[in-house]
Amino acid sequence: MTNEEIVTFLERARVETRSDYAALAYANENGEVKWLQAVGNRSNRYKRMTTSMRQGIFGRVIKLDRPLVMNHLSIRTYQEIQDYAIILTEQLKSFIAIPHYQEERAGLFLIGRRTDDIYTDEILNKAIDLAKTFLS
Amino acid sequence: MPWLLDLNDPSKASSFFQSVFQHVTDAIFVIDKHGIIVEANPSAMRMIRWNAEDLIGKVHFCEVCRGMATCDFEVTCTECFAKKLRMPSFEMTIRTKDGKEFSVEASSTSVPVEEDAALVVILRDLSEQIRAEKARQQKMMTKHVFRAQEEERKRLSRELHDGIGQSLYSILVGLQVLNQQEMEHDVKTLIQDLTNMTSHTLDDVKNLAVDLRPAALDDLGLIPALRSYLRNFEKMFGIETSFDIKAPHRRLHPDVETAVYRICQEATINAAKYADTDKIVIAFEDKGEWLKLTIQDFGVGFDTTQIQIQGTGLGLYGMRERAEMLGGEVFIHSEPNQGTTITVRIPVSDKGE
């Protein structure tokens, strides 16, 4: 996918899932995870963020190989601050994280809301469909 | 002192003792056999905030005394001092007319009066000393807790790094040697996967050890430990940091290095959590007699007169505790939309203690 295609996909996903934020991250061969692109972002800090593919949301989602939904997330402990750095930075209250692979590269598709609206199963299924259709 | 001789004269002695009763700073109560306060000196009146007219001959002492402190209870009425001939020193909780309760040091003596006996109770306000003592104990306790926590973290960190870390490294080397042998392709792939997994686990263990307490803080000192921490912090939160150091090459006391490291960690995490800032500027100055650490962000700031506890509130508290433990201070300067600057000053000796 070209950069333009990625942005188009993320914009579409953001609208269709009624989210405020959508982003894509990939792990490189050293196990480092970087955010490739984001829409609805509050800052550009995501571009400088590097995490390990065994830690945080990425680590959990890839390890379990299934989507993760968290509504009304409360970040309190030091460990949570580290794990949910992107959620904190983008001031998201709820998120859906979906694992996917592109040419054997592990990736994460993330959508999030800053409002109190929670993510329902219907939206989760929509997000999974979007990831299946456009990301594999 | 020749004037003491005058006390042999009963009338002079009486007026002198009257004067002592009126002027001593200790509160003196005289209580009859029914427990009614029959006399009280001005200090007593001041202490319990009653006036003589309402008190003398009218109020039972139990209205003033809430009980004694014993080994088992903070306030109790069992084994009341009034039942004993004398009790030289004990702690009593009293209640003032306006309902305020506090503890005082007390002594009581039964004094024969004609055929009867009166109880003289002398009270001394120790609330300020007790408060100071409690504060001192609290400080000591905090110091012990912080030390114990750091010691435990150090032990675990070393164990992870030198124990488990070393074992994983040996396994990794073994796997690499093994993989150089002639083998079937499938086995080679499996060994390569195991090698990668071991290497990742080794990284995880090292990161965990650094998170607990970086070995650099003990082995290399505060500055290298902070540099390394800030590098990781930048990666974690995408927040740009700059670190300005004006300090001679010297090691400080471990308690001081730990406190400065933890305060910096706490302040930067707070900034990442609440400030919504793209940049943090950290400055460390070692002036010989004192250290100054400032952590400045350019985020949303807050009104320092109306601090709203958003998290546990322990971040700020922890920073203050760590600094005050070493006789230092923490200043917070912030205004809405003007960012936040946290300044920490800690006195040190020539030896860095």
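For counting residue classes here, Ala, Val, Leu, Ile, Met, Phe, Trp, Tyr, Cys and Pro are nonpolar, Asp, Glu, Lys and Arg are charged, and the others, Gly among them, are polar. By that split, the lining of the second largest pocket has 20 nonpolar, 13 polar and nine charged residues.

A quick word on the ground rules. This is a predicted model, where local features need pLDDT of at least 70, side-chain atom pairs count only at pLDDT 80 or more, and totals for chains, interfaces and linings use all residues. Residues are numbered from 1 along each chain as its sequence is written, chains are lettered from A and ligands numbered from 1 in the order in which they are written, and side-chain values use heavy atoms, with hydrogens and water left out.

**The pocket**

A pocket is an open set of points on a 1 Å grid over the protein atoms alone, where a 1.4 Å probe fits and protein lies on both sides within 12 Å along at least five of seven lines; lining residues have an atom within 4 Å of a point. The second largest one holds about 1,000 Å³ of space, a volume being the space filled by probe spheres set on the points, which are joined across faces, edges and corners. Its lining counts 42 residues, with A:Thr51, A:Ser52, A:Gln55, B:Asn207 and B:Met236 nearest the centre. Elements giving two or more residues include β2 (32-39) and β3 (50-52) of chain A, plus α6 (185-212) and α9 (254-275) of chain B. The top contributor is α8(B), with eight residues. Helices (H or I, at least four residues) and strands (E, at least two) are DSSP runs, numbered from the N terminus.

**Chain B**

Chain B has ten helices and eleven strands. Its radius of gyration (over C-alpha atoms) is 33 Å, well over the 20 Å that the globule rule (2.2 Å times the number of residues to the power 0.38) gives for 353 residues, so chain B is more spread out than a compact globule. Its C-alpha atoms fill a box of roughly 115 × 45 × 45 Å along the principal axes.

Helix α5 (residues 127-179) of chain B runs to 53 residues and spans 74 Å from first C-alpha to last, close to the 78 Å expected at 1.5 Å a residue, the multiplier being one less than the number of residues. A kink of about 35 degrees is centred on B:Gly165.

**Positive phi in chain A**

Two non-glycine residues, with accessibility classed as buried (under 20% relative accessible area), exposed (over 50%) or partly exposed in between (1.4 Å probe, protein chains only):

| Residue | Phi | Relative accessible area |
|---|---|---|
| A:Asp65 | near 50 degrees | 52%, exposed |
| A:His72 | near 50 degrees | 46%, partly exposed |

Key
The bend at a residue is the angle between axes fitted to the seven residues ending there and the seven starting there.
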